[in-house]
Amino acid sequence: MSDTDLAAELAAGNQDALAELYDRYGRLAYAVALRILGDSGRAEDVVQDAFLKLWNNANQFDIDRGSMRTWLITAVRNRSIDTMRGRGAHERQERELKPELQATGPTSDPWREVSLSLERAAVREAMDSLPLEQRQAVELAYFGGFSHREIADMTAVPLSTVKGRMRIALEKLSSYLTGRGLIDVPTRTDGGIGSGLGAERSRGR
Amino acid sequence: MEELVAVWALSAAEVDDGALMRSHIQACPSCHELADRLDRTVKAIPLAVDDVAPPPRLRGRIVAAATLPRPR
């Protein structure tokens, strides 16, 4: 069953589709939550919350605008950061139900698993190829939820240096992953950023 | 503003900077293109995490919770 068909089954309230969705992406979702939170109990709660949010809003999910995997993993990441930093749902400004990536994935289960495995290996390789300070800047932001100002303070470097490291690191990752066909080159007709999405997050501390 | 796009894509902008960036990205074609490209890149970063198997009970928890009526 393709992700498109799965999305339709979820919208129709088919609980087997939810189980199928979990079988596809639950392992990755849990790994992301555990990486951020470092606590299996809280990671489980975050993953459950994200899957149920998608389940409860499945009829609003537009598969043409992005993949369920991207939506789920973004939701898990944002919830994990909020949990770690004690932020409530009212403080979130996340892009849930408005994902941008277009990939809907292959349709057969064995190929999907192989494809995901290859993708993960390629992204790991890309991250490993970054100089330590660039990788650190990206990881502190993505997995730590720290702002660029906080990262500048933590690493005792000027703010401009942190910005530069982030920019160079993302450009390298973009080039690497685009070259391997793992992310699409955006076009002006894509929904993308134009769908009114914002990446800034509340920092209610 | 372009130097802040990567910060924005990583959700690492402060609230004020982020709000400003959002407006700017909507209006500036080159920053819009850059933001879209880097945003897609950031979405791939979680794939780099080490593989960890979740506890078997989690699947059952999620499916069981879905038997409750959906919120209207």
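Which helix of chain B is B:Ala35 found in? I looked this up to get my bearings, and the residue sits in helix α3 of chain B. One reminder to myself before going on: this is a predicted model.

**Entry 1: B:Ala35**

I checked the surroundings of B:Ala35 next. I counted 28 other C-beta atoms within 10 Å, and since 20 or more is the cut-off, B:Ala35 is buried. I also looked at its distance to B:Val15, which is 20 residues away along the chain; their C-alpha atoms are separated by 17 Å.

**Entry 2: chain B as a whole**

I then stepped back to the chain. I found four helices and zero strands in chain B, so to speak an α-α-α-α run from the N terminus on. Its radius of gyration is 19 Å, while the globule rule gives 11 Å for 72 residues, so chain B is more spread out than a compact globule. Along the principal axes, I read a C-alpha trace of about 45 × 35 × 20 Å. Of the 72 residues, 46% count as buried.

**Entry 3: where chain B touches chain A**

How many residues of chain B are in contact with chain A? I get 51, and they meet 58 residues of chain A. On the chain B side, the elements giving two or more residues are α1 (5–9), α2 (15–27), α3 (29–42) and α4 (57–65). The helix that gives the most is α3(B), with 10 residues; this is also the helix that holds B:Ala35. Sorting that side of chain B by class, I have 31 nonpolar, five polar and 15 charged residues.

**Entry 4: A:Arg149**

Crossing to chain A, I picked A:Arg149, which has its place in helix α7 (residues 148–155). Is A:Arg149 buried or partly exposed? It has 16 other C-beta atoms within 10 Å, which makes it partly exposed. Leaving aside neighbours within four places in sequence, I find A:Arg149 in contact with A:Leu159 and B:Glu14. I noted A:Val162 too: it is 13 residues from A:Arg149 along the chain, and their C-alpha atoms are separated by 8.2 Å.

**Entry 5: helix α2 of chain A**

Helix α2 of chain A covers residues 15–37, and its 23 residues would reach 33 Å if the helix were straight, at 1.5 Å a residue. I find its end C-alpha atoms only 28 Å apart. Looking along the helix, I see a bend of about 55 degrees at A:Tyr25. Just after α2(A) comes A:Gly38, with a positive phi of about 65 degrees.

**Entry 6: the largest nonpolar core**

Which residues have the most contacts inside the largest nonpolar core? They are A:Ala29, A:Ala33 and A:Met166, in a core of 77 residues. The largest share of this core comes from α2(A), with 14 residues. I followed A:Ala33 further: setting aside neighbours within four places in sequence, its contacts are A:Ala43, A:Val46, A:Val47, A:Val76 and A:Ser80.

**Entry 7: helix α4 of chain A**

Last, I checked helix α4 of chain A (residues 68–84). Its 17 residues should span 24 Å at 1.5 Å a residue, and the end C-alpha atoms are 24 Å apart, which agrees. I find 16 of the 17 residues buried, so α4(A) is largely enclosed by the rest of the structure. Just after α4(A), A:Gly86 takes a positive phi of about 70 degrees.

Definitions and conventions
Residues are numbered from 1 along each chain as its sequence is written. Chains are lettered from A and ligands numbered from 1 in the order in which they are written. This is a predicted model: local features need pLDDT of at least 70, side-chain atom pairs count only at pLDDT 80 or more; totals for chains, interfaces and linings use all residues. The expected span of a helix is 1.5 Å times one less than its number of residues. The bend at a residue is the angle between axes fitted to the seven residues ending there and the seven starting there. A nonpolar core is a set of buried Ala, Val, Leu, Ile, Met, Phe, Trp, Tyr and Cys residues joined through C-beta atoms within 7 Å. A residue is buried if 20 or more other C-beta atoms lie within 10 Å of its own, exposed if 12 or fewer, and partly exposed in between; C-beta atoms are placed from the backbone. Two residues are in contact if their C-beta atoms, placed from the backbone, lie within 7 Å. The radius of gyration is taken over C-alpha atoms; the globule rule is 2.2 Å times the number of residues to the power 0.38. Ala, Val, Leu, Ile, Met, Phe, Trp, Tyr, Cys and Pro count as nonpolar, Asp, Glu, Lys and Arg as charged, and the others, Gly among them, as polar.
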